[in-house]
Structures are given as C-alpha cells and as structure tokens.
Amino acid sequence: MDRTSELITKNSDILFIYDAKGANPNGDPDDENKPRMDYETSRNLVSDVRLKRYIRDYLQDYKGQDIFVAKVDNKALNVTERLEALFSSYRQDCSKSLNLTRLERNQIDWLLSRLIDVRFFGATMPIKAKEGAGGSATFTGPIQFNWGYSLNKVELMESSSITSHFSSEAEKVQGAIGKDWRIYYSLVAFHGIVSAKRAERTSLSLDDLALFDESMIKAIPLESTTRSKIGQTPRLYIRVEYNDCRTFLGDLRDRVNLDKTEGLRDVSAFTLDLSQLSALLSTKIDRISRILFWQDADLKISGWREDDRIRGKLIPLEV
C-alpha cells in the first residue's frame, strides 16, 4: 500500500444528507427491528455505526481495502481472531516474535498501514502492557459522526407479516413468520468531524480523506442492496475544511431547514434551505481553507449563495 501521502493537518466539519423511501434505514433489534424513532418528535434515527458499515463495506468490496471491523468467510470474529486472520494473510509483513495479545508498537504501525477503517474511525486492539499482561490500545478515530436524524417528520408504514419458506426449527412444518417494518420517507442528516489532532495517532492521510469523500457519496447506493435497505439515495455532501487543527463550527444540521416537514413521500416534495449555513460560512470564511460540495441533481436547494468569498473556496466533487 502506498503510504507516501501527507498526513492531514486541518480540521473539517461534515454535513451529509441522504433519503430513504419505503425502506428501513436502521432497524432496532430490541424493538422488533422497527426503524429507530424518536416518537416524541416523529424523527427517524440512524446510528453512526450503520453509516460507517456502509463505508467499510464499500471500501472492502469496491476499493480492495483491508477492513478491521469485518467478517471473515461471513463469520463474525473477536478481535484476536480478526488479528490472526489479518496477520496470516500477510505473513511476510509480520514480526517473527508476534504475540497477538501483546502487540508491539511496530506491529500496531503495520496494522494501521493496512487498515483504512482504523485510520478513519479508530478501533480497540490488544497490546502489551508494562507488567507483561495482555492489555488493549484504543485509537479514537479522527472521523466521527453523531447519530443521524430525519429533518422531516416520519411515518411508519403499517407492518405486514412476512413468512419464510424455510422453518426456523427442523421439527416445524410451517415457515418462520416475522414483521416487515418500513418508513414512507425519511430525509436523514448526519453531522461529522475530521480531527487533525486525532489523525496524528492513526496516520490519516490526504489520500485517505479523498477516498473518504468518495465513499460518502458512493457507498449507500452500492451497499444498501438488501430488501429492507434498498431505496436509499445520497442527496448532499458538504465538507468544510478549515485552515488549522483548532477550528470546528458545530453541528451544521442546525443551519439547514426544509420548507415542508410533514407528509413527505419523495425528494420532489420539498426544498432544502441552506441560507443559514451559507451565511455562517460567509462570516467564517477567513478560517476556511476550502468547501467540498456535492449535490444530487434531484435535490432542490435554496439560499446557497455562491458569492465571491465562498466561490473562491468551493471545490465541486465529481464522483
């Protein structure tokens, strides 16, 4: 793997918006796998883990990257088993004194050079402790998201029972019966950050960050291909990169609004107002290095003022 790219030195704030139509964006296993909801506000919720899973799968399936948080031969592994699988795949790169419960610094560095999802999102790994007992090393990833929520009020579709042709137990004659929960329409927004100081510990490079930008736009259409996940489309991606490692502007979702929040069924039914976000960026333009911007052609936006100050920082993403 070519690791000659420079490490990042600048923070970023991220706004990512996608929609789900007739799908279940993130089922809750503790609640009949219903779409996660804040029932007081009727907002649909999606965990950051769900979003990161799409990105990991895309990097593994379409970019040929090794992924730390991944199944092997469709089996879930514990950390030690996953490390064994990785080191055995690249035995020529391993130290002869390898002890998986007591990884040395050079072995951690080797793993970081191989595992792009650890450079992105971090991980916990076993590592040698001072007293010789097994311990763990936690890498807090430089790229983090909080939970996503819908900008519109979301209605659940009435569940229908589904049956499996196959019995859940060998002695049963009939197939298994379950519920199929979906939402009509959800416009989900995520806020994320890229921390340059955190990147020093996982060696996140400029090339890595360019691949992350690509993944944010391409991963969901290519990886949300199960029967409950199909119907999800990225609509907007903005990464505001600053001049230094000390600046964040906060949750960018607080600066966007819909002209209509109820009864939505598809992307044609509303306009996304970016006037507050545009105003914020204009006032902070001296702290901004560049603004990477991608918009789906079907999303209608208003208030995005590409004045001379913003235009000079704008980098349209083409993927």
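So, the contact between helices H1 and H6. On the H1 side we have Leu 51, Tyr 54, Ile 55, Asp 57, Tyr 58, Leu 59, Asp 61, Tyr 62 and Lys 63, and they meet a set of H6 residues that includes Leu 211, Phe 212, Met 216, Ile 220 and Leu 222. Charged residues of H6 take part too, among them Glu 214, Lys 218 and Glu 223. If you sort that whole contact by class, you get 12 nonpolar, one polar and six charged residues. Keep in mind that this is a predicted model.

How do the two helices cross? H1 covers residues 48–63 and H6 covers 206–223, and their axes come within 8 Å and cross at roughly 95°. That angle makes H1 roughly perpendicular to H6. While we're on H1, have a look at Tyr 54, because there's a charge over that ring: Arg 50 lies over its face, 3.9 Å from the ring centre. There's another one like that elsewhere, where the charged end of Arg 265 sits over the ring of Tyr 184, 4.1 Å from the centre.

Now a second helix pair, H2 and H3. H2 is residues 79–89, H3 is residues 105–114, and here the axes come within 12 Å, crossing at roughly 80°. So H2 is roughly perpendicular to H3. The residues that meet are Leu 83, Leu 86 and Phe 87 from H2, with Gln 107, Trp 110 and Leu 111 from H3. By class, that's five nonpolar, one polar and no charged residues.

Okay, back to Phe 212, which we met in H6. The structure has 10 aromatic pairs, and Phe 212 is in one of them. Its partner is Phe 120: the ring centres are 5.5 Å apart and the planes sit at 85°, so we call this pair edge-to-face. Phe 120 is in helix H4, residues 116–121, and Phe 212 is in H6, so the pair ties together parts 92 residues apart in sequence. Are these two rings buried or exposed? Both Phe 120 and Phe 212 are buried.

Phe 145 and Phe 190 make another edge-to-face pair, with 6.0 Å centre to centre and 80° between the planes. This one goes between strands: Phe 145 lies in S8, residues 143–145, and Phe 190 in S12, residues 185–194, so parts 45 residues apart in sequence are tied together. Again, both are buried. And these four belong to a cluster: ring pairs link Phe 16, Tyr 18, Phe 120, Phe 121, Phe 145, Phe 190, Phe 212 and Tyr 237.

Next, helix H7, residues 275–283. Which of its residues are buried? Leu 277, Ser 278, Leu 280, Leu 281 and Ser 282. What covers them includes strands S1 (12–21), S13 (232–242) and S16 (288–295), plus helix H8 (308–311). In H8 we find Asp 308, and that residue is exposed, with a relative accessible area of 63%. The C-alpha atoms of Asp 308 and Ser 282 are 9.8 Å apart, and their positions lie 26 residues apart along the chain, counting from one to the other.

Last, the overall picture. The protein chain has eight helices and 18 strands. Of its 319 residues, 47% are buried. And if you take contacts between residues at least 6 apart in sequence, 73% of them join residues at least 24 apart.

How values were computed
Residues are numbered from 1 along each chain as its sequence is written. This is a predicted model: local features need pLDDT of at least 70, side-chain atom pairs count only at pLDDT 80 or more; totals for chains, interfaces and linings use all residues. Side-chain values use heavy atoms; hydrogens and water are left out. Axes are lines fitted to C-alpha atoms, for helices over the stretch in contact, and angles run from 0 to 180 degrees between N-to-C directions. Helices (H or I, at least four residues) and strands (E, at least two) are DSSP runs, numbered from the N terminus. Angles under 35 degrees count as roughly parallel, over 145 as roughly antiparallel, 65 to 115 as roughly perpendicular and the rest as oblique. Contact means heavy atoms within 4.5 Å. Ala, Val, Leu, Ile, Met, Phe, Trp, Tyr, Cys and Pro count as nonpolar, Asp, Glu, Lys and Arg as charged, and the others, Gly among them, as polar. Rings of Phe, Tyr and Trp (its six-membered ring) pair if their centres lie within 6.5 Å; planes under 30 degrees apart count as stacked, over 60 as edge-to-face and the rest as tilted. Buried means under 20% relative accessible area, exposed over 50%, partly exposed in between (1.4 Å probe, protein chains only). A charge sits over a ring if NZ of Lys or CZ of Arg is within 6 Å of the ring centre and within 35 degrees of the ring normal.
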